[in-house]
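Below is a short note for a colleague who has not yet looked at this structure. The points go from the whole chain to single helix contacts and residues.

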Amino acid sequence: MASVDSVDPTALGATGSGAVPRSPWAVAAAVTILLSVPLALAAQVVGGANAPQVVVHVVLTIGMLLFVRAIFDFGLPRWINVIGAISAALFAVTFLVQALSSVLPENSALDDIAFGFLGNWPERVLALGIYAWFFGLLLLDSQGRTRLIGWVIVPFVTAYHMIGAAGALLAIDVPNLGVITLLLPFAWLLMEGIKRNASGALGPRPPDTTRVDVPAA
């Protein structure tokens, strides 16, 4: 008797009516966060002076909460998922406080907390926690073309963030790329989350250990 390995359809990217996105939660989180900027621009046209700040921070709050759930759809070690989930949850709290501060601009104490304190080092530390999770996804659970795209995006935004943190510590001006460094990893997450798996194959992909015995020729 001879043996051949069976084919794992999820590793090949299943297509057709029986295929579903790898992580609908990741798709929802990424789309929500990517929409934060266009929605803020729309609010600037139709709303008041503080409307863009309120909208962008509320949308980012929702997106980060969705991201917390999406993190556990991927086959990463638990400790990496915990770091990512805690960082994203605290980021959601930070964005919510900043949204409240924008709604109540006359409250200087709240503004000092939301932007003076939380918007400084806490945001930088939380971003590193999120980027650590993205690195885990890149190294341990990404394949094919999206892996190549991830190697362009994730190291770039992480290096930029670390350079920015060092610049702040050493009082060196670093060009500000704004919200783009937050949006780029989630654009990549959208690509990862939208990958097609066989129906019912959401979440971590099991190792392909099945073998099928066939008669020898």
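1. What percentage of the 217 residues in the protein chain is buried? Buried residues (under 20% relative accessible area, with over 50% called exposed and the range in between partly exposed; 1.4 Å probe, protein chains only) make up 40% of them. The model is predicted: local features need pLDDT of at least 70, side-chain atom pairs count only at pLDDT 80 or more, and totals for chains, interfaces and linings use all residues. Residues are numbered from 1 along each chain as its sequence is written, and side-chain values use heavy atoms, with hydrogens and water left out.

2. The protein chain has 8 helices and 4 strands. These are DSSP runs numbered from the N terminus (helices: H or I, at least four residues; strands: E, at least two). Read from the N terminus, the order is β-β-α-α-α-α-α-α-α-α-β-β.

3. The accessible surface of the protein chain is about 11,600 Å², by the Shrake-Rupley method with a 1.4 Å probe; for residues, only the protein chains shown count as cover. Carbon and sulfur atoms hold 70% of that surface. Among contacts (heavy atoms within 4.5 Å) with a separation of 6 or more, 80% join residues 24 or more positions apart.

4. Two packed helices are described by the angle between their axes and the distance between the axes. Axes here are lines fitted to C-alpha atoms, for helices over the stretch in contact, and angles run from 0 to 180 degrees between N-to-C directions. The axes of helix H2 (residues 36–46) and helix H3 (residues 51–70) come within 8 Å and cross at roughly 155°. H2 is therefore roughly antiparallel to H3 (angles under 35 degrees count as roughly parallel, over 145 as roughly antiparallel, 65 to 115 as roughly perpendicular and the rest as oblique). The crossing is right-handed: the near helix is turned clockwise from the far one by less than a right angle, whereas anticlockwise would be left-handed.

5. On the H2 side the contact includes Leu39, Ala40 and Ala43, and on the H3 side Val55, Val56 and Val59 are among the residues met. By class, the contact of H2 with H3 has 9 nonpolar, 2 polar and no charged residues (Ala, Val, Leu, Ile, Met, Phe, Trp, Tyr, Cys and Pro count as nonpolar, Asp, Glu, Lys and Arg as charged, and the others, Gly among them, as polar).

6. Helix H4 (residues 78–103) and helix H6 (residues 121–140) have axes that come within 8 Å and cross at roughly 140°. That makes H4 oblique to H6, and the crossing is left-handed. This contact divides into 12 nonpolar, 7 polar and 1 charged residues.

7. Ser87 lies in helix H4 and is buried, with a relative accessible area of 7%. Not counting residues up to four places away in sequence, Ser87 touches Leu126, Gly129 and Ile130. The C-alpha atoms of Ser87 and Ala132 are 9.9 Å apart, with their positions 45 residues apart in sequence.

8. Is Thr146, in helix H7 (residues 144–170), buried or exposed? Thr146 is buried, at a relative accessible area of 10%. Beyond its neighbours within four places in sequence, Thr146 is in contact with Trp188, Met191, Glu192 and Lys195.

9. Ile149 is also placed in helix H7; this residue is partly exposed, at 32% relative accessible area. Leaving aside neighbours within four places in sequence, Ile149 contacts Trp188 and Met191.
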